[in-house]
Amino acid sequence: MDNIILKSLSVENFASFAELSEFTTETDSSKKEYLDNTFINGDIRFNKVSFLYGANGSGKTFFCKILREIQRLLTLSPLLAAPNSSQFLSTPQVKGLDVPVKPFVFDIHYREKPTTFKIDIVMSAITYHYEFSVQGKTVVRELLTKKYRRTEKLIERTSPLFKDIILRSELKGFESAKQTVKPEALCLPVAAMLNNSLADQLNTAICGIQVVSMAAGRLNPLNPKKTFTKERIDKYIRIIQKADPTIRNINVSSSEEEIARQKIDVDDFENREIIATKTTVSVDTKHVVYNNGVEQEEQAPITFFAEESLGTIKLFTALPYLYDVLESGGVLIIDELENGLHLSLAKEIINLFNSESSNPKHAQLICTSHQPLLLDGNYRRDQVWVSIKDSFGQCSLHRLSGLQTPRAKVNLTTQILKGAFGCNPKLFFDNNT
């Protein structure tokens, strides 16, 4: 598959976002600074790295959950197509998928309104726009378009009923099977499951965008067999030695078990099944032993997750995600990039994406952060976003390039520290000291 570019992500009436909030990696064409931080695909210029800042509770983590919610609904929809889906969805490992979409809760006006998600991705210089609206568990609207010189509608759905789904162009081949789309399911992933080529590419592209949180104690790589090859582990060791110079070898083992199995459809002549699996990864490391400062052949074994520092564990478990996207292209979203990492290590991660030599496929990094010193360098104003929450509990996204200030007078770090767009918290202890 060609490199995937995330152009934009939008949401309305979801979690802490009441009104429409829009995010984009497309550059502001009026800003000409630091073009090395950007790349061009077709006739559009994109940022390689985007930052999202904000006070605690301002919506940064919920921004990351926008994409996870889209991915959850794309993953859930094919499961609902199975005739005995309720039995499959009741298994503990899958049960969490089948829950209603959570609307904005701090205003009763929004409780009966649908939640709308929108995502634009670029493949082979073609922009695909996908949006849908969900009321609780029911899909009330769905739209897929493609744009290459002109815009063409591929899926147009105006109600929960399959009869109100209109398919065109590359999706027209799914017409005879659209009755498999239930009111609670999205059309695109069901078409992908039944081998529509374009639907499969788009579904795979959106679900393939990795969203990880550095606040988690450990992360779970998507494909351990790929991410823990000897070549990869050698790269990881060279980086981890900057944090722990005693490490010499890393041994990774993984096991996979089937946790659920469900046939897709009684009329499926290929007798296909949806199979859910669980992967367990174990890590052990070997460390150097010295005798009066002389390195010995003997090495000390360490149970990695039990005995290493939390920061080293976080660095190690983040590396597979970084190299997956840097080597293949694509998009990586990291919540709280600097959590548990020294500032210099966090900045090295950013530099990996901005550098043409380490990022020849123009992979994109989107990260949330509390650390303004990450921007102590040559960064564009349109790379920086802030999330703010008003007194009514509503969060919104704003781009720092909206500040009408000449570049020569703007220091991004200073702007964040001074509270540009209200991204710094109020003084919690004012009048209490």
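Biologist: In this predicted model, which way do Gln 210, Val 211, Val 212 and Ser 213 point from β11, and are they buried or exposed?

Modeller: The general idea is that in a regular strand the side chains alternate between the two faces of the sheet. In β11, Gln 210 and Val 212 point one way while Val 211 and Ser 213 point the other way, and all are buried.

Biologist: Which strand does β11 pair with, and how many bridges join them?

Modeller: Strands of a sheet pair through backbone hydrogen bonds, either parallel or antiparallel. Here β11 runs parallel to β15 and is joined to β15 by 4 bridges, with Val 211 standing opposite Ile 333 of β15.

Biologist: In what order do the strands of the open sheet lie?

Modeller: The sheet has 6 strands, and reading across gives β11-β15-β16-β5-β17-β18, with mixed pairing. At the edges are β11 (210–213) and β18 (395–399), each of which pairs on one side only, and from one strand to the next the twist averages 20 degrees. Within the sheet, β5 (residues 49–54) and β16 (residues 364–369) pair in the parallel sense over 5 bridges, and Tyr 53 stands opposite Ser 369 in β16.

Biologist: Which strands does α9 touch where it packs on the sheet?

Modeller: Helix α9 touches β11 and β15 (331–335), and the direction of α9 makes about 155 degrees with that of β15.

Biologist: How do α9 and α10 lie with respect to each other, and which residues make the contact?

Modeller: The axes of α9 (residues 310–328) and α10 (residues 343–354) come within 11 Å and cross at roughly 10 degrees, so the two helices are roughly parallel to each other. Leu 315, Leu 322, Val 325 and Leu 326 of α9 meet Leu 345, Ile 349, Leu 352 and Phe 353 of α10, and these residues divide into 8 nonpolar, no polar and no charged.

Biologist: What is the phi of Asn 13, and where is this residue found?

Modeller: As a general guide, most residues other than glycine have a negative phi. Asn 13, however, has a positive phi near 60 degrees; Asn 13 is found in the loop between β1 (5–12) and β2 (21–24) and is buried, with a relative accessible area of 1%. Asn 195 also has a positive phi, of about 75 degrees, but Asn 195 is exposed, with a relative accessible area of 53%, in the loop between α4 (187–193) and α5 (197–207).

Biologist: Over which residues is the pLDDT below 50?

Modeller: Where pLDDT is low, the predicted coordinates should not be read in detail. The mean pLDDT of the protein is 84, and 82% of its residues reach 70 or more, but over residues 264–272 the pLDDT is below 50.

Note on methods. Residues numbered from 1 in each chain as written. Predicted model: local features only at pLDDT ≥ 70, side-chain atom pairs only at ≥ 80, totals over all residues. Heavy atoms only, no water. Axes fitted to C-alpha atoms, helices over the stretch in contact; angles between N-to-C directions. Parallel < 35°, antiparallel > 145°, perpendicular 65-115°, else oblique. Contact = heavy atoms within 4.5 Å. Nonpolar A, V, L, I, M, F, W, Y, C, P; charged D, E, K, R; others polar. Pairing = 2+ DSSP bridges. pLDDT = per-residue confidence, 0-100. Buried < 20%, exposed > 50% of the residue type's maximum accessible area, 1.4 Å probe, protein only.
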